[in-house]
Amino acid sequence: MTATRVPGIPVVEDGVLISTNPASGAEAGRVPVADAEAVNETVRRAAEAARWWQALGYDGRRERLLRWRSLIVRRVEELAELTSLETGKPNADAIVEATAAVEHVDWAARNARRVLGPRKMRTRLLLAEHSGHVEYQPYGVVGVIGPWNYPIVTPVGPISGALAAGNAVVFKPSEYTPIVGQWLVDTFAEVVPEQPVLQAVHGLGEVGAALCRSGVGKMSFTGSTTTAKKVLAACAENLVPAVIEAGGKDALIVDADADIAAAAEAAVWGSMTNAGQTCIGIERVYAVAPIYDAFVDAVVEKAGQLRTGEEIGPITMPRQIDIIREHIDDALAKGGQAVLGGAGAVQPPYVSPTVLVDVPADSSEIRDETFGPTLTITKVADANEAVRQANDTPYGLGGAVFGKKNALRIARRLRSGMVAVNSTLTFVGMGNLPFGGVGESGFGRIHGEDGLREFARAKSITVRRAPSVLPAMTFERTPAQVATIVKALRILYGRK
Ligand code: NDP
């Protein structure tokens, strides 16, 4: 059966998923759709591959992961071109995205042994005759569900952490970006041809749901908060743990001593890169009164120079355009002003840069994730007011602060998992920094040491080194020994 094709909307024909460019409708590629049995079979194969992968040890895995990293780098133009074709994003944005992905593979490969490998712990006096050891053991198979907006870096973060920790991975890319997902899997298979250590399963949401129920040891989900709740419900059936990277409504605070030109440049990039379809994209700015007018002028000037169809690509998921339109309309209906763009900016599949001021706090542009190239700028009396308003959201993913004297203090007070000071979004590109949110933005972390530990279970081992001086954990202790234990307890911990 042949379904009607709308550019950018994936269709399934005869068990094959066909992916197209959101602007031109050009086909990006086709992949077979999996059913629940195929998902289960893929996970069974992955469990066998995991045993082989684990047996390679940290050095063997590191060597192979670094080879994958180098292969991605050698073919980065090909990957960027494919990503650009499938999502519509400008080629330069795809290159920048791939750069961050390469950083995460490299860091996870090089640091897994140090972070997860066996280590001896310092002796505790009450059990001084035992030594303590900790190591982090892999789950076996990790399921990764990814979104379409950053189809390279969002899955590669958890995939590289999970692989470096010794797991095999079954990856369900978004139905909007299966071809980029398959490229990642195919290139990994070029450097690890022996076993299916990284596999993809394709299809619509139900394939993701089947993956949650397939017997994986852990799930890593990146996508919307609404879908995250469905994923958690499916995982709960078998008590499968999950790391959740969900949506956001990130704020930028501009303090009185900020470099206004730099803040404006970063605000425009942080909100408009990838046409605003960025989980950690800046969607709201709170600028203090003394610099507000100059900042708004600078943002309008910079954003006004962006060319729709060039730096600003099409909206990848066609139905998101209605949400962006509704948010702009709602802001204007409630008294907001468009100082750039506005209602006319929505020309499917494109939305031109839109900057809104005087937008009431109860409008959807302030409250809900817009996921388009729009930015609200709100005047606030001071940094305290900025922090209060920035934190007044159920989300808490990233954020940014521009300023000098108090910038770091303000950054600490933002209720979010990450903050960039005097830049925007930069934390996503540093392999050693954990990435994740609070509240409706999710929990758990990918990237960095926390991201590696997310994909392994702590295993604690004690080893007796000598007979016990204070034998507590035995029925053979005497009353005199119990009395000595109490004395020791008072000496060690009883002082005020
Ligand atoms: P969705 O939540 O719509 O989809 C995410 C993934 O989940 C897709 O692969 C989707 O498959 C799959 N899925 C859909 N239904 C189910 C289900 N019932 N069970 C299991 N899996 C399912 O998100 P989008 O793809 O639209 O991505 C955009 C969202 O992702 C935004 O909210 C954005 O903020 C967030 N995001 C968060 C990031 C973070 O790190 N915190 C990073 C990037 C994006 P299919 O596509 O086939 O429906």
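# Why is it called that? Terms tested on a predicted chain

Mentor: Take the contacts in the chain with a separation of 6 or more: 71% of them pair residues 24 or more positions apart. Contact means heavy atoms within 4.5 Å. This is a predicted model, where local features need pLDDT of at least 70, side-chain atom pairs count only at pLDDT 80 or more, and totals for chains, interfaces and linings use all residues. Residues are numbered from 1 along each chain as its sequence is written, and side-chain values use heavy atoms, with hydrogens and water left out.

Trainee: How many helices and strands are in the chain?

Mentor: The chain has 16 helices and 21 strands. Both are DSSP runs, numbered from the N terminus: helices are H or I with at least four residues, strands are E with at least two.

Trainee: How do you know whether the radius of gyration agrees with that of a compact globule?

Mentor: Set it against the rule. The radius is taken over C-alpha atoms, and the rule is 2.2 Å times the number of residues to the power 0.38. For 496 residues that gives a value near 23 Å; the chain has 25 Å, so the two agree. The C-alpha atoms fill a box of roughly 85 × 60 × 40 Å along the principal axes.

Trainee: What makes Leu163 buried or exposed?

Mentor: Its relative accessible area decides. Buried means under 20%, exposed over 50%, and partly exposed in between, with a 1.4 Å probe and protein chains only. Leu163 has 0%, so it is buried. Leu163 sits in helix H5 (residues 153-164). Beyond its neighbours within four places in sequence, its contacts include Trp53, Arg61 and Phe188. Across the chain, buried residues make up 55% of the 496.

Trainee: Why does Glu41 have the label it has?

Mentor: Its relative accessibility is 32%, so Glu41 counts as partly exposed. Glu41 belongs to helix H1 (residues 36-55). Between Glu41 and Leu65 there are 25 Å, C-alpha to C-alpha, and 24 residues in sequence.

Trainee: And what class does Arg325 get?

Mentor: Arg325 has a relative accessible area of 30%, so it is partly exposed. Arg325 is in helix H11 (residues 320-333). Apart from neighbours within four places in sequence, Arg325 touches Val346 and Pro348. Ala343 is 18 residues away in sequence, yet its C-alpha is 7.0 Å from that of Arg325.

Trainee: What is special about the bond joining Pro348 and Pro349?

Mentor: That peptide bond is cis, with omega about 5 degrees. Most peptide bonds are trans. Pro349 lies in the loop between strand S14 (346-347) and strand S15 (350-351).

Trainee: What is the phi of Asp14?

Mentor: Phi of Asp14 is near 50 degrees, a positive value in a residue other than glycine. Most residues other than glycine have a negative phi. Asp14 is in the loop between strand S1 (11-13) and strand S2 (16-20). Its relative accessibility is 67%, so Asp14 counts as exposed. Asp358 also has a positive phi, about 55 degrees, without being a glycine. Asp358 is in the loop between strand S16 (354-357) and helix H12 (364-367). At 51%, Asp358 is exposed.

Trainee: How many disulfides does a search of the whole structure find?

Mentor: Zero. For Cys212, the nearest cysteine sulfur is that of Cys235, 4.1 Å away, and Cys212 is in no disulfide. The cut-off for a disulfide is a pair of cysteine sulfur atoms within 2.5 Å. Cys212 has 1% relative accessibility, so it counts as buried. Cys279 has 16%, and therefore counts as buried too.

Trainee: Where does Pro7 lie?

Mentor: Pro7 is in the segment before S1. Its relative accessibility of 33% makes Pro7 partly exposed. The C-alpha atoms of Pro7 and Asn21 are 5.9 Å apart, with their positions 14 residues apart along the chain. Leaving out residues up to four places away in sequence, Pro7 touches several others, including Thr20, Asn21 and Pro318.

Trainee: Last one: how far apart are the mean positions of the positive and negative charges?

Mentor: They are 14 Å apart, for 52 positive and 54 negative charges. Lys and Arg count as positive, Asp and Glu as negative; His and the chain ends are not counted. Each charge is placed at NZ of Lys, CZ of Arg, CG of Asp or CD of Glu.
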